[in-house]
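Biologist: Can you pull up the model so we can go through it together? I have a few short things to ask.

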Amino acid sequence: MVQSLINPAGAPWPYVSAGANPTERFVANWFNDRLNRDESLHEWEMYIRPYLNGATPSLVFLHPQRGIAVYEVVDWDPKVVRSVRIGVSGPDSLDSGYHLEFDGHRLEGLENPYLLVRHYKNKIASLSTDVLGAPGYGLITAGVIFTRGTTRDWERLLAPFRRKEESKSLYPVLGADVLASTNISRALPRAFRNTSRSAMTELVTKLLRVWLAPPDLPEYDADTLILDAAQSALVNRDPGSSGYRRIKGPAGSGKSVVLAARAAALATQGQRVLITCFNITLATYLWELVVRRLNNLVGDSATVDAIRRQVHVTHYHMWESEHPSCDCLNSGVCSCPPDEKFDAIMVDEGQDFEPEWWHHLRLCALANGAEVLFAADVTQDLYGRTKSWTDAAMRNSGFRGPWNTLDYSYRVPSALVPVLRDFANQFLSDRVVELPAVVQGELSDQYPVWLRWVQLPQDGHWMDVCGSELRRIRANLPDGHSLSDIALLFWNHLSGFSFASAVEAELPDEVAHIFVESCDEHGCDLDEKYGIHDRNACIQRRSRPLKISFPKYANGVRAITTNSYKGWESRHLVIHVQNLSSGIDGWSGAALFYVALTRLMRDAQGSSLTVVSSCSDLAEFGRRHFTDYEVVDHL
């Protein structure tokens, strides 16, 4: 049978199709019937009203070799629709000098279904083309299905909006006559395409499945989000007349939890919420927190799926890329459609933001009278951007009054708190720091932690040591812990790629990671200054889809850079630290190691922190605080 209305848990139709209207269900049934008739088509997966983080197409089809198809289903009578010429189109025109009218009403921008499916295609292509390059775009079919009127009627009405390079096979416009037939080839031309030269890869298929399927939660995230008094006040109270609030607090104090819980509360009231951050991988974690809170509030899976569509979670640069024509910052006047604005905007890890990014969001995405929640931890300022957020700059950005402060860390085991404090005093004395405090009444033996340090020479075999430490942790996992509770944090992408390449062949279990190799194609990414291939830019671009989906496409050990793991947490950490100097993007090495240490999550069954250090400057610090301290001169 075709994997129709796909859901790994086998949930019923209403859950997968929350928000689908009767017309969309009718067309989905038509596809389902025809795909099931031909055994060669059973590998096609069909998703109805999937949520693509801000976009909800009617139907998406996915095949591991033959590609992707996205459709919008429209129930219009062609007699009340017409194309109207409005002037000569320019090279950047969205509508080729025409606009579409429905019953005398002018359809603006994405109200035109043909422009809408082009937008869907670009959104899906942002994942596939980063992995596959240019061929990925040609793997995506984007079409409109009209349930009334003939194909000929609709092709004539939408012809002015079709670009010269857009073929009818990749951009089909279909009418009711196609739905009256039993032939699926016109509706899904890729179903019968030769697959011998397909550019689709297993990786792209996995990434798209993660994006399309309803969200699931790690086992340890299935419980209720518990808030203390300070956190509850921020979640449940309105912000007052200004609408703007700021939160500061150390790592693990619950800033992300507060943002997600507040977003869920507003979404249940029908408000549209944007949660944004700088870190690409953090957006996935924030999504999980939002869905977890909605499960606590609502419980019913179909209702959760419908409400979560009110929340848009993304990193800033993806939001910016989705608004390429926006010139708000330069003009000082926002021309963005009102329906693209949000009733609330929440920024996590605000210390990573440039003030200009916030001005852009505020001008372009914030509705009048909307709510703002801005969370930051200056101690985790890796990129030196906090210095731009002066009091005057924050006042000019809409923020006034004192910060709301969260003092206690609910992530870090209490035994690790003095270690963090000593590190900050010794290595971060040149900056303002927000250090965690132990929760009143909490005893260190409530959350036992094992601290191990392996000190290596600068040219030591760190990959072999990291591998042996990983095997040691796997062999001694406490009851109830799994491989997904283990994270390996690396100093940079090159180190992580080297390790992942070495261990993937020997480990029987899948390793979830974000590491890719530069493609070494000279025309791929060019260094602006020297005009040569920019390996770092290439790696950043090609790893973006893995970061967007991290770590959902695998349930094994997580391997990632510390920069990208900021905001996340694990019960068992292996940290490879090379040095305390600055990195390629100017981040502080000392601050980076502090961030890595604070990723450890406390647990009643016990947690473990292992540092594999090639940094001589940290040797004495490790000897002083880590009870299990070992020096390895050679292997």
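What follows is a chat about the overall make-up, two helix pairs and some single residues.

Biologist: What kind of model is this?

Modeller: It is a predicted model.

Biologist: How many helices and strands does the protein have?

Modeller: There are 21 helices and 22 strands in the protein.

Biologist: And what share of the residues count as buried?

Modeller: The protein has 635 residues, and 56% of them count as buried.

Biologist: What about contacts between residues 24 or more positions apart?

Modeller: Taking contacts with a separation of 6 or more, such pairs account for 76% of them in the protein.

Biologist: Let's go to helices. Which residues does α16 cover, and how does it pack with α17?

Modeller: Helix α16 covers residues 462–475 and helix α17 covers residues 493–504. They pack at an angle of about 60°, and their axes are 10 Å apart.

Biologist: Why is that oblique and not roughly perpendicular?

Modeller: The perpendicular class runs from 65 to 115 degrees, and the roughly parallel class holds angles under 35. At about 60°, α16 and α17 are therefore oblique to each other.

Biologist: Left-handed or right-handed crossing?

Modeller: Right-handed, for α16 passing α17.

Biologist: Which residues meet there?

Modeller: On the α16 side, W462, M463, C466, G467 and L470. They meet S495, S498 and F499 of α17. By class, that contact has 5 nonpolar and 3 polar residues, with no charged ones.

Biologist: Now the other pair. At what angle do α9 and α18 pack?

Modeller: About 20°, with the axes 7 Å apart; α18 is residues 535–549. Angles under 35 degrees count as roughly parallel, so α9 and α18 are roughly parallel to each other.

Biologist: What is the handedness of that crossing?

Modeller: The α9 and α18 crossing is right-handed.

Biologist: Who touches whom?

Modeller: I280, T281 and T284 from α9 meet R544, K547 and I548 from α18. The residues of this contact divide into 2 nonpolar, 2 polar and 2 charged.

Biologist: Stay with T281. Where is it, and is it buried or exposed?

Modeller: T281 sits in helix α9, which spans residues 280–297. T281 counts as buried because its relative accessibility is 0%, and the cut-off for buried is under 20%.

Biologist: What else does T281 contact, apart from neighbours within four places in sequence?

Modeller: T281 is in contact with K547, F550, I560, S564, Y565 and W568, with those neighbours left aside. K547 is also among the α18 residues that meet α9.

Biologist: W568 rings a bell. Where is R411, and what does it touch?

Modeller: R411 is in the loop between β15 (404–405) and α15. Not counting residues up to four places away in sequence, R411 touches A251, G252, G567, W568, E569, T598, R599, L600, M601 and R602. So W568 appears among the contacts of T281 and among those of R411, with contact meaning heavy atoms within 4.5 Å.

Biologist: R411 buried or exposed?

Modeller: Buried, because its relative accessible area is 10%.

Biologist: And the helix after that loop, where A424 is found?

Modeller: A424 is in helix α15, residues 417–427, and counts as buried at 3% relative accessibility. Leaving aside neighbours within four places in sequence, A424 is in contact with S429 and L435.

Biologist: How far is A424 from A590?

Modeller: They are 166 residues apart in sequence, and 8.7 Å apart in space from C-alpha to C-alpha.

Biologist: Change of topic, cysteines. How many disulfides?

Modeller: The count is 0 disulfides. A pair would need its cysteine sulfur atoms within 2.5 Å.

Biologist: C277 and C615, buried or exposed?

Modeller: C277 is buried, with a relative accessible area of 0%. C615 is buried too, at 3%.

Biologist: Last topic, backbone. What is phi at D103 and at E349?

Modeller: Phi of D103 is near 50°, a positive value in a residue other than glycine. Phi of E349 is also near 50° and positive, again in a residue other than glycine.

Biologist: Where does each one lie?

Modeller: D103 lies in the loop between β6 (98–102) and β7 (105–107). E349 is in the loop between β13 (342–347) and α13 (355–365).

Biologist: Which is buried and which is exposed?

Modeller: D103 counts as exposed at 60% relative accessibility, whereas E349 counts as buried at 7%.

Definitions and conventions. Residues numbered from 1 in each chain as written. Predicted model: local features only at pLDDT ≥ 70, side-chain atom pairs only at ≥ 80, totals over all residues. Heavy atoms only, no water. Helix = DSSP H or I, 4+ residues; strand = E, 2+ residues; numbered from the N terminus. Buried < 20%, exposed > 50% of the residue type's maximum accessible area, 1.4 Å probe, protein only. Axes fitted to C-alpha atoms, helices over the stretch in contact; angles between N-to-C directions. Parallel < 35°, antiparallel > 145°, perpendicular 65-115°, else oblique. Left-handed = near helix turned anticlockwise from the far one by under 90°. Nonpolar A, V, L, I, M, F, W, Y, C, P; charged D, E, K, R; others polar.
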